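Thanks for asking for a second pair of eyes on this one. My notes are below as numbered points, to be read with the structure open beside them.

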Amino acid sequence: MVKKNAFISVISQKEKEENENRGSVEFQVLSFTNKIRRLTSHLELHRKDYLSQRGLRKILGKRQRLLVYLSKKNRVRYKELISQLDIREPKTR
């Protein structure tokens, strides 16, 4: 229960800063990351919730595509976002 409150507080702080810019790539990646963390903690309790697993994989794919787009458009913003959200850089093929 404590983890969910932490996610909500991160979202609300970021929303206050970027109220007018909800369509930005950074905001979308932030919201996907919070959804991913919430679903991951849910799946630790409910291992056989296959529908949530599918939803998690879909959100991971969306976030991955947004990060690839951002890395091509603006490498500096991409690096800042990766370090700020504490997520790994995707493997390149």
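1. Let me start with the largest pocket, which has a volume of about 260 Å³. Please keep in mind throughout that this is a predicted model.

2. Which residues line the largest pocket? The lining is made up of Leu60, Arg63, Gln64, Leu67, Ile87, Arg88, Glu89, Pro90 and Lys91. By character, these lining residues divide into 4 nonpolar, 1 polar and 4 charged. If you colour the pocket by residue type, you can follow that division on your screen.

3. Stepping back to the overall fold, the chain has 4 helices and 0 strands. Reading along the sequence gives the pattern α-α-α-α. Of the chain's 93 residues, 31% count as buried.

4. How do α2 and α3 run relative to each other, roughly parallel or roughly antiparallel? Helix α2 spans residues 25-45 and helix α3 spans residues 50-73, and their axes come within 9 Å and cross at roughly 155°. An angle over 145 degrees counts as roughly antiparallel, so α2 and α3 are roughly antiparallel to each other. Their crossing is left-handed.

5. Two pairs of residues are worth displaying while you look at these helices. Leu43 sits in helix α2, and its C-alpha atom is separated by 7.4 Å from that of Gln53, 10 residues apart along the chain. Leu43 has a relative accessible area of 12%; because the limit for buried is under 20%, Leu43 is buried. The second pair begins with Lys62, which has its place in helix α3. Between the C-alpha atoms of Lys62 and Phe32 there are 8.0 Å, although 30 residues separate the two along the chain. Is Lys62 buried, partly exposed or exposed? Its relative accessibility is 38%, so Lys62 counts as partly exposed.

6. Now for α2 and α4. The axes of these two helices come within 11 Å and cross at roughly 25°. That makes α2 roughly parallel to α4, since angles under 35 degrees are classed that way. Here α2 passes α4 in a right-handed crossing, whereas the crossing of α2 and α3 is left-handed.

7. A residue to pick out in helix α4 is Gln84. How far apart in space are Gln84 and Leu30, C-alpha to C-alpha? They are 9.7 Å apart, with their positions 54 residues apart in sequence. Gln84 has 54% relative accessibility and therefore counts as exposed, the cut-off being over 50%.

8. My last point concerns Asp86, which is found in the segment after α4, the helix of residues 75-85. What is the phi of Asp86 near? The value is near 60°, which is positive, in a residue other than glycine. Most residues other than glycine have a negative phi. Asp86 has 66% relative accessibility, so this residue counts as exposed. It would be kind to your readers to mention the backbone angle of Asp86, a positive phi near 60°, when you describe this segment.

9. For a figure, I would be happy with one view of the helix pairs and one of the pocket. The first could show α2 with α3, roughly antiparallel, and α2 with α4, roughly parallel. The second could show the pocket of about 260 Å³, with labels on some of its lining residues, including Leu60, Gln64, Ile87 and Lys91.

Note on methods
Residues numbered from 1 in each chain as written. Predicted model: local features only at pLDDT ≥ 70, side-chain atom pairs only at ≥ 80, totals over all residues. Heavy atoms only, no water. 1 Å grid on protein atoms, 1.4 Å probe; cavity = no way out; pocket = protein on both sides within 12 Å on 5 of 7 lines; lining within 4 Å. Points joined across faces, edges and corners; volume = space filled by probe spheres on them. Nonpolar A, V, L, I, M, F, W, Y, C, P; charged D, E, K, R; others polar. Buried < 20%, exposed > 50% of the residue type's maximum accessible area, 1.4 Å probe, protein only. Axes fitted to C-alpha atoms, helices over the stretch in contact; angles between N-to-C directions. Parallel < 35°, antiparallel > 145°, perpendicular 65-115°, else oblique. Left-handed = near helix turned anticlockwise from the far one by under 90°.
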